[in-house]
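Student: Hi, have you got a few minutes to go through a structure with me?
Tutor: Sure, put it up and ask away.

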Amino acid sequence: MRAGKFIQTIFFTEIIKGMALTLRTLFTPPVTRRYPKVKRPVKPGFRGLHALAKNEEGKMKCVGCGLCGAYCPSQCIYIYTSEGEDHKKIVDRYEIEVLRCVYCGFCVEACPFGAITLSEHYEYSDYSREPLYMTKDKLLANWDRYFAGEKGLRYFRDFWRPKAENFSAYEGQAMFDKVKARRKEQK
Amino acid sequence: MEDIEQTEKTFETKELTISMGPQHPATHGVLRLLLTLAGENVVKCTPYVGYLHRGIEKLGENRTYLAALPLTDRLDYISSMNNNVGYVNAVEKLFGIEAPERAKFIRTIVAEMGRISSHIIWLGTHVLDIGATTPFLYAFREREVIMDLFEMLCGARLTVSYPRIGGVRNDISQEFLDELYDFVLDFPSKMDDYETLVTENRIWKDRTVGIGVISAEEAINWGLTGGTLRGSGVDYDVRKYAPYDAYDKVEFDVPVGTNGDCYDRYLVRMEEMRQANRIIRQCIEKLPAGPVMADAPKFTLPPKDMVLKDMEHLIHQFILITKGPTVPEGEVYMGTEVPKGELGFYFVSDGSGRPYRMRVRAPSYVHASVLPRLCEGGMIADVIANIGTIDIVLGECDR
């Protein structure tokens with residue numbers, strides 16, 4: 001033991017081992033990305049910029065119940081409603097202060113109609129506060145921009161839970177057996 | 001020549017008081033230390049906290065139990081998953097509900113992933129402070145994998161808000177489990193890499209062995225927990241002695257040190273990462289089938305697709321979100337083992353949907369208070385080693 005330590009002290013073995021490791025790593029592919037040029041692909045279900053959903057007829061799904069505003073932990077959702085004909089509720093203004101939002105996604109969970117969602121868009125920095133104060137029109141435009149077509153319909157079904165299946169065991173639940181099966185296939 | 005002799009005769013040695021931080025990169029955030037120095041020796045060290053105070057305890061009292069969850073992300077922001085797990089466990093204890101088995105296993109998996117990612121940051125920054133750049137880069141490479149897995153799981157990388165009272169937000173997907181298993185199999189070799197670079201390195205040993213020594217008895221008296229306490233040889237781990245979630249169903253060892261110096265605390269945390277990896281592996285292999293949300297409609301949000309089909313679920317949705325759940329009166333304390341130590345949540349409930357008092361027992365706050373004990377009498381360079389080794393995050397310290 002003592003001789004081993006002596007050899008280590010004289011010949012710098014632990015330093016050489018470390019240097020060998022860094023030399024080996026030199027020949028591995030880089031893990032970094034040149035960000036503004038090469039964009040990082042986000043995973044489906046990412047919690048990014050908000051959007052107000054539209055139904056098949058192209059009308060806003062939101063009915064102005066105010067649950068999202070009540071649940072919001074940073075209290076950044078403002079909803080103003082008025083009474084229309086036949087005592088119908090009309091959403092006059094629906095505003096989100098994006099700078100105060102913490103992207104927890106609780107508004108999406110609170111909404112009983114699936115009217116608000118978080119898109120996968122995350123690059124929206126700006127020089128002033130005004131463009132980041134989302135009004136109803138901007139939020140509806142976000143839906144057209146980021147959820148056009150099939151994606152919007154699929155979005156709630158796939159990513160925004162809790163769904164009923166989470167309250168009971170179901171087929172297709174992620175299990176270790178399937179991991180093992182996949183690894184065998186790969187071999 | 002005469003001048004020098006004259007100077008030597010009249011030269012006065014004075015103690016110098018300097019302010020280290022709050023913008024010092026080695027203070028891991030906004031810790032400010034007021035150091036009184038005699039030459040290079042630290043005579044007196046006084047930590048000042050409060051530069052990151054956001055009033056999380058008070059904010060928690062103004063939100064319902066369900067809506068206060070994202071606040072806990074901002075406590076210890078590099079292991080937000082562990083804080084969430086601690087919070088939901090405390091609230092569940094207050095409500096008297098229990099998460100289903102599968103949810104408990106998933107929580108254990110994500111909490112241990114959070115522990116690995118937190119310890120990886122600790123390793124990278126601690127080693128970087130002391131002077132080694134390479135392990136920092138390697139550490140962040142592995143952390144990125146965990147962050148990607150978190151993003152796949154819940155859509156956010158850092159402020160996850162994934163667990164929910166009575167379970168978890170959504171079930172894990174098969175791709176997540178696949179990729180996590182690949183990571184688990186791969187991780188021990190990465191750990192070997194870190195150890196090759198650091199553990200036996202003579203510079204590292206010179207800087208840490210015998211620095212910041214604190215005896216077991218003293219460590220207990222200072223109220224230390226977690227890796228900082230175990231480095232002094234006290235075998236205390238909340239996961240082992242008051243198991244929550246699925247920790248009583250998995251096997252793991254609690255590493256303890258002997259000398260209570262920086263080097264032992266380093267060894268303890270390195271071994272903890274290996275043990276966390278072992279826990280994740282066991283949890284994946286034992287993961288049971290079943291629901292991931294408790295069947296407690298008075299306390300948990302109903303399934304989304306049932307809200308518009310069923311009147312009762314719709315009522316529950318509205319009541320829970322606007323008024324909050326109806327909670328039994330009483331007090332509850334629940335401690336959980338987060339990477340930094342024991343994170344405790346203490347609730348006083350007056351029967352309404354919001355806590356009357358929410359107190360957070362943050363390990364970093366206690367650990368910051370021990371800094372004078374570790375630093376005084378040492379050199380100024382050792383202050384950096386001591387700050388790194390007690391592993392504090394100021395978001396949690398100031399709350």
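Student: What phi does G96(B) take, just after α4(B)?
Tutor: A positive one, about 80°. Helices here are DSSP runs of H or I, at least four residues, numbered from the N terminus. By the way, this is a predicted model, where local features need pLDDT of at least 70 and side-chain atom pairs count only at pLDDT 80 or more, while totals for chains, interfaces and linings use all residues. Residues are numbered from 1 along each chain, chains are lettered from A in the order written, and side-chain values use heavy atoms, without hydrogens or water.

Student: Is α4(B) largely enclosed or open?
Tutor: Largely enclosed by the rest of the structure, because 15 of its 16 residues are buried (under 20% relative accessible area, 1.4 Å probe, protein chains only).

Student: Switching topic: how many residues of chain B are in contact with chain A?
Tutor: 63, meeting 52 residues of chain A, with contact meaning heavy atoms within 4.5 Å.

Student: What classes are on the chain B side?
Tutor: There are 31 nonpolar, 13 polar and 19 charged residues on the side that touches chain A. Charged means Asp, Glu, Lys and Arg; Ala, Val, Leu, Ile, Met, Phe, Trp, Tyr, Cys and Pro are nonpolar, and the others, Gly among them, polar.

Student: And how many salt bridges between the chains?
Tutor: 4 between chain B and chain A, each a Lys or Arg side-chain nitrogen within 4 Å of an Asp or Glu carboxyl oxygen. E151(B) forms one with R40(A), with the closest N and O atoms 2.4 Å apart.

How values were computed: Buried means under 20% relative accessible area, exposed over 50%, partly exposed in between (1.4 Å probe, protein chains only). Helices (H or I, at least four residues) and strands (E, at least two) are DSSP runs, numbered from the N terminus.
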